Amino acid sequence: MLRESDRRVGQDPRQPDRAFVAPLLVLAVGNPSRGDDALGPWLLDHLAAGPARHARRVELMTDFQLQVEHAVDLVGRRAVLFVDAARPAAGPPAAPARGWASLERVRPEPGRDWTTHALSPQRLLAVYEQVTGHVAPPAWVLAIEGRSFELGEPLSDEARLSLARAVELAARWILATPLPRRAAAPLIQEWM
Amino acid sequence: MTDRVVSPVAAGASPALRRVAIDPVTRVEGHGKVTLLLDADNRVVQARLHIVEFRGFERFVVGRPYWELPVMVQRLCGICPVSHHLAACKALDAALGFDRVPPVAEAMRRLMHHGQILQSHALHFFHLSSPDLLFGFASEPARRNILGVAQAHPDIAREGVLLRKFGQEVIRLTSGKRVHGTGAVPGGVNRHLGADERDGLAVELPQVLEWCERAVALAARLYEADRPRHDRFGHTPAAMLSIVGRDGAMDLYDGHLRARNAAGGLILDGQPVAGYLDLIEESVRPWSYMKFPALRHPAGGPGWYRVGPLARVQNVDRIPTPRAEGARQRFLAAFGDAPVHAVLATHWARMIEMLHAAEVIAGLLDDEILLAADGGPLAWPMPAEQAGATDREGVGVIEAPRGTLIHHYTLGADDRVTSCNLIVSTTHNNDAMQAAVCAVAADEFDGRDLNEGMLNAIEVAIRAYDPCLSCATHALGDMPLEVSLARLDGQVLDRIVRQSDGRIDHAA
């Protein structure tokens, strides 16, 4: 099982604050060079200037895609928000709503491993439970609609509208998620 | 990403019931698609793994100032950005006339690279905890045996996760950031390690080395657990290509090109990487957008070759770190010192390389040069712009986790990129993967129709190469896999698809 000491593997000993773990984690995935795939990283930039400036309440993290080691980043969290770009499903044209984001609760889904390269949030939560032996923290996915994912493109106009809605949803999530009365760090010991 | 379909109503957004799929296409897209061609006797005679090669990046960088490349190329791939970062820097070193970088820069780059190798290979250690993924479904007794081996090592998953975390910490400290680091620059690096950073990594090494040794032993036991099947599965004799150190020892960061034929004989050696175009030609085939590299002058046998761990551990004369060399000797002895071409042995070879990477990291952390204690420069100064200068050209080659990675640029007098050619590991392995899929399909096909067991086997063969298609192409993430059976004249006889949620659609 993962232990408190596992979080410290290779971490910088110059940072005495390492034992502290912000109770909320916003983990955004996306490639900043691929058009609207940059929505996740862009959202973090917006949050960094807003509610997330309360750094002891929330940690902002970004990566290209989810992988097993992100299970370590979930240790000690009270709640987790995954952020990712999404695109409209195939099918008949929908109503011309412009700018769209959605918040959905997700739960661990062990399921079949499909890839050695990327995990879904649900699978990552299952990995967390596999390697810690504990129930995964409550988690949500913030899906932000994008339209175009070509290399070198800027955010599309639709994505900019989606982003504004997503920032609102994420800020609400950060401020509305109840925190424990105690400091966050002892949570880890609770789980050992 | 997920494939879940969510409703916008939950967000209180548009009342129109639009449905949005959160799917993996933004980074990895498309189906993995395999077509198996049958002859008149219903035997599989050819497999075509269709993947759409991602060549857009080469156009994307043309016209950009060269100093943007080391950061920009990391956006190529979420799996091995560090390998692209270093290959680009090495190519720019060559283009700018730096034969070598300052000693501290070389040490920092090597440390970063081996951190990348370790963290990438560690993912396979993690996946050994559910060996179905890497070894597929065997007969029931053999399957119980394989699962039993994995279950006897309950901590594999945790250790795999923590090894990845350690490798990423090495990357963070050498490149400056966990993702999109800027540590290497043309002519050197822009940072060195602090003593406390070095010590923070070093204290973890005994544990890291122990886990890596355990990983090699586990991979070996899993392979041995169903030896006859694993020897036969996807057995595809192929030439082997990699760079090796100038003394013939394994050097994943720098060296010259070497290739052996399938029998293990040297067919080229000591070739400077700058001349790769004299050795390798890339061809196209009408049914695939992906290029097919081959050796120009194959000494007997086909020109195509294999890169990556299985090729590397056999291409070198030795591994210069003792634990990994011991493991390599045991690996070779297990096959009677004959060339190994069983694709599932790749997982074993990969774990040997992971152990090597940990040993290299240990050696580098012992070297005071990392701390720049000699006060020498971190990077050479950039050459001044010269009016009327002609195009400059540079090739950078590195052994990325999945195999040889080539970056080749030309720079104009205005310091902008005028051309770019990349050959990534998955492209090198294109023919070898097709051959492995064909071998597996021919072995598994019952002469009638497709079935799930065959689809599993094909996936396992592809996965042994761990194709990093997010840079070679956009396929194989949460990969729906489609296998078709066709006559040589193109008539489709059967089709089976596994959707990304695991559902099987079978339509003749």
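Asp415(B) is a good place to start in this predicted model, because the residue is buried, with a relative accessible area of 10%, under the 20% cut-off. Its backbone is worth a look too: Asp415(B) is not a glycine, yet its phi is positive, at about 70 degrees. Most residues other than glycine have a negative phi. You'll find Asp415(B) in the loop between S14 and S15 of chain B.

That loop belongs to a hairpin, with five residues between S14(B) and S15(B). Strand S14 of chain B covers residues 403-411, and six bridges join it to S15(B) in the antiparallel sense. To see how the two strands line up, look for Thr410(B), which sits opposite Ser419(B) in S15(B). Strand S15 of chain B, residues 417-423, is mostly covered, and five of its seven residues are buried.

Now for another aspartate with a positive phi. Asp337(B) has a phi near 60 degrees, and this residue isn't a glycine either. Its loop runs between two helices of chain B, H13 (322-334) and H14 (345-365). Is Asp337(B) buried or exposed? Asp337(B) counts as exposed because its relative accessibility is 59%, and the cut-off for that label is over 50%.

Next, move to the open sheet of chain B, where four strands follow the order S9-S8-S7-S12 with mixed pairing. Its edges are strand S9 (266-271) and strand S12 (305-306) of chain B, each of which pairs on one side only. Strands of a sheet pair through backbone hydrogen bonds, either parallel or antiparallel. At the S12(B) edge, the pairing with strand S7 (residues 239-244) of chain B is parallel and has two bridges. One contact to pick out there is Met240(B), whose bridge partner in S12(B) is Arg306(B).

Chain B also takes us to a pocket. The second largest pocket holds about 690 Å³ of space. It is lined by 29 residues, and those closest to its centre are Lys90(B), Phe98(B), Asp99(B), Arg246(B) and Asp254(B). Three elements of chain B give two or more residues to this lining: helix H3 (81-95), helix H4 (103-127) and strand S13 (392-400). Which of them gives the largest share? That's S13(B), with five residues. In terms of chemistry, the lining of the second largest pocket has twelve nonpolar residues, seven polar ones and ten charged ones.

One more stop in chain B is Ser175(B), in helix H7 (residues 156-175). Ser175(B) has a relative accessible area of 3%, so it counts as buried, the limit being under 20%. What does Ser175(B) touch, leaving aside residues up to four places away in sequence? The list is Met112(B), Gly181(B), Thr182(B), Gly183(B) and Arg191(B).

Finally, step over to chain A, which has six helices and five strands. Read from the N terminus, its elements go α-β-α-β-α-β-β-α-β-α-α. Of the 192 residues in chain A, 58% are buried. As for contacts in chain A with a separation of 6 or more, 79% are between residues 24 or more positions apart. On the outside, chain A exposes about 7,800 Å², and 54% of that comes from carbon and sulfur atoms.

How values were computed: Residues numbered from 1 in each chain as written. Chains lettered and ligands numbered in written order. Predicted model: local features only at pLDDT ≥ 70, side-chain atom pairs only at ≥ 80, totals over all residues. Heavy atoms only, no water. Buried < 20%, exposed > 50% of the residue type's maximum accessible area, 1.4 Å probe, protein only. Contact = heavy atoms within 4.5 Å. Areas by Shrake-Rupley, 256 points an atom, 1.4 Å probe, with all protein chains shown as cover. 1 Å grid on protein atoms, 1.4 Å probe; cavity = no way out; pocket = protein on both sides within 12 Å on 5 of 7 lines; lining within 4 Å. Points joined across faces, edges and corners; volume = space filled by probe spheres on them. Nonpolar A, V, L, I, M, F, W, Y, C, P; charged D, E, K, R; others polar. Pairing = 2+ DSSP bridges.
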